[in-house]
Each structure stands twice: as C-alpha cells, then as structure tokens.
Amino acid sequence: RWLNETMARQLEDHHVLGAAVVVVSDGEVVLAKGDGYADIASQRPVDANETVFSIGSTGKLVTWTAVMQGVEDGRLELDRDVNDYLTDSAVSIPDTYPEPVTLEHLGTHSAGFEDVFAGMVTDDPYEIRPMEAILAEHRPARVRPPGEFVAYSNYGTALAGHALAEQYDASFTELVDDRIFTPLEMDDTTYAQPLPARLESRRAIGYTSQDGDYQAHDPVIWTLPPEGGSL
C-alpha cells in the first residue's frame, strides 16, 4: 500500500506518465510493478516485466563494469597512462600537464577535461559514426591537472570504453554483449541505436509536460559512443 500511494503521488507531483519500480532483497525480487502509461496515445500501461526504458547515464555503470573486467583480466591497469591503450587509434590525450590521464581518473570523473556537449546527439541514428572518429573530432581540452577536481565527463567514460575496445580489438558493444549481457541473461538490454524492432514496440515513450499537456518526443540519439547514455 505504501508503495502504491508513494508512486501515485510521485508521478503526479513530477508530471511523469509512467514508471516501473523493482524492490530487491538479498538478491531476490520482492516486487516488480509498473505504474501509469508507457504510451498514452494507445493507453499501453507500464509493465515491469515488458516495458523497456532508456536509462541514460546509469548505463555508465555497465561501461565501468566492463572496464573493471579488463583490469581483472590484466589487460588494463587503472594507474597507467590512457595513451598507452590508444597507440593504434586516432584518439590521443595531449600532454597538457605533466601528470597523465589514467583510467582511474576517467572512472572518478577527475581527468580535468572541460565540459562540452558538442557532437553528442543527433536527430538521425544513421548519422552515428565510429567511436574513434567522434572521440578524435570532439576531444575536450584539458583544463585542470588530473586528480584534483571532480567534474562529470561523458567524454571520459566514452574514452574508457574506447580504450577497452582497442585493447581487446573488438567493438565495445560486442564486448558488453558477450561478457555481461549474455552471461546474465539480460536479453532485453541493449546499447543499439535505433532500438531493435523486438524492443521498439515495448519502449516507454518519453514525454514533456507543459501546462497540463503531455508532448511525446523521440528518443535521444547519442552520437558520442554508446557508453555515454544509450542503454
């Protein structure tokens, strides 16, 4: 009863049409339920077992899980200069400061990059270019020595995913599919853009609330590599 009342109030207060909530205790799902609508036009309700959501930057946790698998394998080192993993790539980090940028800096958002949004999104998923090209073209400046300040960085996470892919000579999405999603039977989880047809029909539509009206909008298409937020 508490959960039902709380979810209903939260959705109303924050003008959210639909959401899913899952409660887990000791590794077991205690409750999984949907509230509201995934698509208001067709009156399709949110189903916790069927509806798929874009979870944005929460997907970065999967990137860092994959990177830490590389550390466990001995292929990657947290305190090593990232440029050591980019010798065959068009991407490189300039020697702006004496201290190199490491995977630990990237993982703690303390690499010292400026915060830029250029090149991150597009209206057309078919405009997405290879990870290497985007990272090389839209490399932010190093404005602080690494390790001194925390500043959220989409670029830093994407760069770590690229370093991982370069080290394994495979695409990031292939690595994550093979090493995380498939073993965990996460069959409804993907970084793919556009969304596969089997999942598109189950997608929760995003809405913007304005003056009591809800306007549907298309999903955000990330041109920055998928580690940034397309999960």
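Begin by selecting Phe-172, Phe-181 and Tyr-191, which ring pairs link into a cluster. The model on the screen is a predicted one, and every stop on this tour should be read with that in mind.

**The aromatic pairs**

A search of the whole structure finds three aromatic pairs. Each such pair is described by the distance of the centres and the angle of the planes. Select Phe-113 together with Tyr-155, whose rings form an edge-to-face pair, with 5.6 Å from centre to centre and 75 degrees between the planes. Because Phe-113 belongs to the loop between α3 (103-107) and β4 (121-122) while Tyr-155 belongs to helix α5, the pair ties together parts that are 42 residues apart in sequence. Both Phe-113 and Tyr-155 are buried.

Now return to the cluster and keep Phe-172 and Tyr-191, another edge-to-face pair, in which the centres are 5.5 Å apart and the planes make an angle of 70 degrees. Here Phe-172 is in helix α6 and Tyr-191 in the loop between α6 and α7 (197-200), so this pair ties together parts that are 19 residues apart in sequence. Are these two residues, Phe-172 and Tyr-191, buried or exposed? Phe-172 has a relative accessible area of 1% and is therefore buried, and Tyr-191, at 5% relative accessibility, counts as buried because the cut-off is 20%.

A further contact with a ring can be shown by selecting Arg-144 and Phe-149: the charged end of Arg-144 sits over the ring of Phe-149, at 5.4 Å from the ring centre.

**The second largest pocket**

Phe-172 also leads to the next stop, the second largest pocket, which has a volume of about 350 Å³. This pocket is lined by 22 residues, of which Pro-130, Met-131, Glu-132, Ser-171 and Phe-172 are the closest to its centre. Colouring by secondary structure shows the elements that give two or more residues to the lining, namely α4 (131-137), α5 (154-168) and α6 (172-181). Which element supplies the largest share of the lining of this pocket? It is α5, with three residues. By class, the lining of the second largest pocket divides into 12 nonpolar, six polar and four charged residues.

**The largest cavity**

Next, turn to the enclosed spaces, where the count comes to three cavities of 30 Å³ or more. The largest cavity has a volume of about 50 Å³. To display its lining, select His-105, Leu-106, His-109, Ser-110, Ala-111, Gly-112, Phe-113, Ala-151, Ser-153 and Gly-156; Phe-113, already visited as the partner of Tyr-155 in an aromatic pair, is one of these residues. The lining of the largest cavity has four nonpolar and six polar residues, and no charged residues.

**The sheet of β1, β2 and β3**

Move to the open sheet of three strands, whose order is β1-β2-β3 and whose pairing is antiparallel. Its edge strands are β1 and β3, each of which pairs on one side only. Select residues 18-25 for strand β1 and residues 28-39 for strand β2, and follow the eight bridges over which these two strands pair in the antiparallel sense. Which residue in β2 is the bridge partner of Val-21? The partner is Lys-33, and Val-22 stands opposite Ala-32 in β2. At the turn, β1 and β2 form a hairpin with two residues between them, and Asp-26 in this turn has a positive phi of about 55 degrees.

**Asn-49**

Beyond the sheet, select Asn-49, which is placed in the loop between β3 (44-45) and α2 (60-73). Its relative accessibility is 58%, which is why Asn-49 counts as exposed. Adding Arg-1 to the selection gives a C-alpha to C-alpha distance of 20 Å to Asn-49, for a separation of 48 residues in sequence.

**The whole chain**

Finally, clear the selection and display the complete protein, which has seven helices and seven strands. Read along the sequence, these elements follow the pattern α-β-β-β-α-α-β-α-α-α-α-β-β-β. The C-alpha trace spans about 55 × 40 × 35 Å along its principal axes, and buried residues make up 39% of the 231 residues in the protein.

Terms used: Residues are numbered from 1 along each chain as its sequence is written. This is a predicted model: local features need pLDDT of at least 70, side-chain atom pairs count only at pLDDT 80 or more; totals for chains, interfaces and linings use all residues. Side-chain values use heavy atoms; hydrogens and water are left out. Helices (H or I, at least four residues) and strands (E, at least two) are DSSP runs, numbered from the N terminus. Buried means under 20% relative accessible area, exposed over 50%, partly exposed in between (1.4 Å probe, protein chains only). On a 1 Å grid over the protein atoms alone, a cavity is a set of points where a 1.4 Å probe fits but cannot get out, and a pocket is an open set with protein on both sides within 12 Å along at least five of seven lines; lining residues have an atom within 4 Å of a point. Grid points are joined across faces, edges and corners, and a volume is the space filled by probe spheres set on the points. Ala, Val, Leu, Ile, Met, Phe, Trp, Tyr, Cys and Pro count as nonpolar, Asp, Glu, Lys and Arg as charged, and the others, Gly among them, as polar. Rings of Phe, Tyr and Trp (its six-membered ring) pair if their centres lie within 6.5 Å; planes under 30 degrees apart count as stacked, over 60 as edge-to-face and the rest as tilted. A charge sits over a ring if NZ of Lys or CZ of Arg is within 6 Å of the ring centre and within 35 degrees of the ring normal. Two strands pair if DSSP finds at least two bridges between them.
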